[in-house]
Amino acid sequence: MLTAFLSSLTVSVAAALATAACLVVARRTSPYRSTAPQRVPVLGGLEPATHAWSRFHVRYYPMTLLFIAFEMEMMFMYPWAVVFVEEGVTALAEMGMFLAILSVGVVYGWREGAFRWQ
Amino acid sequence: MAVTPHDVPVAVAAGADAWGPVQDLRGVPGVRLVTSPRHATVLLVAGTVPEADGEALQRVHDQLPRPRAVVAWRPAQAAADVPARVVDGGRDATVTALREAQATVLADPARGSDDLLDDTDPNEWRGIGPFGQGGEGMMGGTPYGRPMAMTGGDRDGLALDQLELTLGPFFDPLPGGCRLAVTLQGEVLQEAHLVVRTADHDRFAAPTDEGLATARRLLRRAAHGLHVAGLDALAARTAALAARVTDAADRRALVRDTRGLGRRIRHSGLLWTLRGVGTIDGVDAAGRWRNRLDTIAAGLDGDMPAASGPPVMPAVEDALVGMTLADAMATLASVDALQARPAGAGAS
């Protein structure tokens with residue numbers, strides 16, 4: 001069993017070693033490694049005053065939430081329509097539960113103002 | 001402009017007096033003014049770079065990838081901050097020097113210009129602790145020597161981080177001699193502070209005719225503005241036209257070509273995209289572009305309209321607040337002249 005994978009394992013390890021060796025050699029010998037000033041964002045000669053690790057408002061998120069809620073609904077309703085013919089009331093109850101869960105997301109989006117036209 | 005292997009990618013660090021003449025280079029085939037020093041082989045240091053901007057100049061120099069070359073075009077002090085090959089001639093002599101500088105440094109990388117600043121981070125990363133980031137989670141501490149962003153109220157009533165940046169003095173989308181200190185939340189400007197320096201003395205001659213001088217100045221502004229809008233082919237055409245504006249020029253031909261240029265700019269859709277953007281004193285960016293094109297045509301024609309002074313600086317800054325960074329750059333590129341204000345006033 002193990003011998004079947006031995007050749008691929010050998011090749012993987014060899015590739016990883018070769019890659020690591022290339023990286024180490026390049027790092028040691030390349031005259032063109034990036035320097036500290038080159039790692040600073042280009043602002044026209046000045047350095048940023050604060051670290052760039054900052055949180056900002058993803059403004060499209062209520063829209064995304066609505067899109068996913070309605071899209072997931074439609075994605076399952078097309079195949080469900082076929083199953084409904086065979087299964088009847090059971091399928092209807094199951095879809096009702098699914099829609100109830102999804103509608104929680106829609107209600108949340110409503111509260112966040114996703115339906116407000118502005 | 002088509003990119004050929006023979007193009008010389010040039011990063012520009014221009015003093016306030018040389019920023020206009022440098023725009024003429026956009027019209028020269030074979031030379032490409034790039035937006036980031038990282039894309040350049042040659043650094044063009046043009047005109048009078050104030051002593052206070054010496055370190056900024058050195059940082060831009062170091063941000064060019066090695067091997068790099070430096071050409072100084074009519075420097076005030078003989079390239080005090082960076083060693084360079086000095087050119088004293090006009091546009092064509094500069095282009096030749098740029099080509100030679102690139103050829104030399106590519107043939108022999110050892111002759112490239114060495115780093116000027118130390119290759120050390122302001123503060124080494126050592127994780128949480130007195131010498132590292134020094135804080136918990138995303139707040140507090142000074143990773144790599146820079147404090148974390150502090151929060152401030154945003155337009156939705158949330159408290160979000162504020163990123164503080166000062167762009168310039170050699171930032172490609174900004175007009176020459178400008179520094180823009182901004183407080184950003186996401187991509188929206190919450191605060192803007194603009195500092196504009198004018199050169200003490202101009203080392204580049206302007207046409208003696210006032211109309212021609214104004215037309216050339218505005219054509220250069222237009223070339224830069226078109227470049228900021230991403231319309232580099234139109235920028236090249238405009239710069240080539242600006243370079244033709246001299247006292248000996250055939251004014252009739254210039255007026256005709258300017259009309260053609262105005263048509264191309266209108267057909268490009270630029271004015272349409274700038275409707276309602278950056279309204280200052282009741283005029284939006286599209287209106288300012290229209291005025292600019294009219295003033296160029298009038299200046300070349302010989303009848304100058306009564307010049308309105310530059311917009312008052314607080315009005316410009318107020319217009320920038322609430323914009324995205326891209327809109328702010330487009331707005332500044334549409335303003336013909338900015339009031340000078342000394343660097344000591346407010347912004348660092």
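## An exposed helix residue in chain A and a parallel sheet in chain B

With 7 C-beta neighbours inside 10 Å, A:Ala4 counts as exposed, because a residue with 12 or fewer such neighbours falls in that class. This residue belongs to helix H1 of chain A, which covers residues 2-29, and its C-alpha atom is separated by 45 Å from that of A:Met77, a residue 73 positions away along the chain.

The model is predicted, with an ipTM of 0.78 and a pTM of 0.82. For chain B the average pLDDT is 85, and 87% of the residues score at least 70. Where pLDDT is low, the predicted coordinates should not be read in detail.

In chain B, five strands pair in the parallel sense and form an open sheet, in which the order is S2-S1-S3-S4-S5. Strands S2 and S5 of chain B are the edge strands, each of them pairing on one side only, and from one strand to the next the twist averages 30°. Within this sheet, strands S3 and S4 of chain B are joined by five bridges in the parallel sense, and B:Val42 stands opposite B:Ala69, the latter in S4 of chain B.

The residue ranges of the strands of chain B named here are as follows.

| Strand (chain B) | Residues |
|---|---|
| S1 | 8-14 |
| S2 | 31-33 |
| S3 | 42-46 |
| S4 | 69-73 |
| S5 | 85-87 |

Across strands S1, S2, S3, S4 and S5 of chain B lies helix H3 of the chain, formed by residues 91-107, which runs at about 165° to S4 of chain B.

Notes:
Residues numbered from 1 in each chain as written. Chains lettered and ligands numbered in written order. Predicted model: local features only at pLDDT ≥ 70, side-chain atom pairs only at ≥ 80, totals over all residues. pLDDT = per-residue confidence, 0-100. Pairing = 2+ DSSP bridges. Helix = DSSP H or I, 4+ residues; strand = E, 2+ residues; numbered from the N terminus. Axes fitted to C-alpha atoms, helices over the stretch in contact; angles between N-to-C directions. Contact = placed C-beta atoms within 7 Å. Buried ≥ 20, exposed ≤ 12 C-beta atoms within 10 Å, placed from the backbone.
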